[in-house]
Structures are given as C-alpha cells and as structure tokens.
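Got the viewer open? Load the model and keep the selection box handy, and we'll go through it stop by stop.

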Amino acid sequence: MAKGRIIIAEDKCKGCGLCIHHCPVDILALDTSRTNKKGYTPLYVTDPEKCIACSMCALVCPDSVITVERFKKS
Ligand code: SF4
Ligand code: SF4
C-alpha cells in the first residue's frame, strides 16, 4: 500500500529524468505521449500504490517540481 503520494507541478518539469533514476521503487517515468507548456515530456507516476514517500525524487529535482505528501498511519 502507498505510504504517500507525490504531486507533480507538471508545467515546471523539464523532463531531465533525474528523479526517475533516484526513485528506489522505480515508479517514475516520462510521459512520451504528450508535452507540457514548456514543450517537454512531463513526469508521471507509473504505479502510485508503490510510493514509499521517501522524498528522494523531490530532493533531486533541480526545479522543485515535486511535492511529497506522506499519508498518516492508521
Ligand atoms: S517519494 Fe520516493 S518512492 Fe515515491 S515517487 Fe518519489 S522517489 Fe519514488
Ligand atoms: S527531476 Fe524534476 S525536472 Fe527532472 S524529470 Fe524529474 S520532475 Fe522533471
């Protein structure tokens, strides 16, 4: 079950792929089927259920595109 989720400010993404390489559960990819306002292929989450809310993606993103929301334990 997902421990959190990421919120992607899609139009700020420049499609550099840094976050993709740092995600430990490998659930990030670029959506090659479309482009954002800047003309780049934007980031998306392939399998949100696997997110462990580690924040690695947000830390490495040079453009502060990603915000991590950690779910409260129930
Ligand atoms: S918070 Fe961690 S697990 Fe979730 S998408 Fe980012 S790097 Fe991957
Ligand atoms: S590191 Fe940031 S700019 Fe680069 S692909 Fe990921 S979200 Fe987009």
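**Start with the whole chain**

Colour by secondary structure and you should find two helices and four strands, where helices (H or I, at least four residues) and strands (E, at least two) are DSSP runs numbered from the N terminus. Reading from the N terminus, the order is β-α-β-β-α-β. The radius of gyration is 12 Å, close to the 11 Å that the globule rule gives for 74 residues, so the chain is as compact as a globular protein of that length. That radius is taken over C-alpha atoms, and the rule is 2.2 Å times the number of residues to the power 0.38. Along the principal axes, the C-alpha atoms fill a box of roughly 40 × 20 × 20 Å.

A word on what you're looking at: this is a predicted model, in which local features need pLDDT of at least 70 and side-chain atom pairs count only at pLDDT 80 or more, while totals for chains, interfaces and linings use all residues. Residues are numbered from 1 along each chain as its sequence is written, with chains lettered from A and ligands numbered from 1 in the order in which they are written.

**Next, the core**

Select Ile6, Ile8, Cys13, Cys19, Cys23, Leu28, Leu43, Cys51, Cys57, Cys61, Val65 and Ile66: these 12 residues are the largest nonpolar core. Such a core is a set of buried Ala, Val, Leu, Ile, Met, Phe, Trp, Tyr and Cys residues joined through C-beta atoms within 7 Å. Buried means 20 or more other C-beta atoms within 10 Å of a residue's own, exposed means 12 or fewer, and partly exposed is in between, with C-beta atoms placed from the backbone. Across the chain, 18% of the 74 residues count as buried.

Zoom in on cysteine 61. Beyond its neighbours within four places in sequence, cysteine 61 is in contact with Leu18, Cys19 and Ile66; contact here means C-beta atoms, placed from the backbone, within 7 Å.

**Now the ligands**

What surrounds ligand 2? Its shell is Cys13, Lys14, Gly15, Cys16, Gly17, Leu18, Cys19, Leu43, Cys61, Asp63, Val65 and Ile66, a residue being near if its C-beta atom, placed from the backbone, lies within 6 Å. Eight of them are nonpolar, two polar and two charged. For these classes, Ala, Val, Leu, Ile, Met, Phe, Trp, Tyr, Cys and Pro are nonpolar, Asp, Glu, Lys and Arg charged, and the others, Gly among them, polar.

Jump to ligand 1, where Cys23, Cys51, Cys54, Met56 and Cys57 come nearest out of 13 residues. That shell has 12 nonpolar residues, one polar and no charged ones.

**Three residues to finish**

Select glycine 15, in the loop between strand 1 (4-8) and helix 1 (18-22). Glycine 15 is partly exposed because it has 16 C-beta neighbours inside 10 Å. Outside its neighbours within four places in sequence, glycine 15 is in contact with Leu30, Tyr40, Thr41 and Pro42.

Threonine 35 sits in the loop between strand 2 (28-30) and strand 3 (43-45). Is threonine 35 buried or exposed? It is exposed, with 12 other C-beta atoms within 10 Å. Measure C-alpha to C-alpha from threonine 35 to isoleucine 66 and you should get 17 Å.

Last stop: glutamate 69, in strand 4 (residues 66-70). Glutamate 69 has 10 other C-beta atoms within 10 Å, so it is exposed. Its C-alpha is 8.8 Å from that of lysine 3, though the two are 66 residues apart along the chain.

Definitions and conventions. Two residues are in contact if their C-beta atoms, placed from the backbone, lie within 7 Å.
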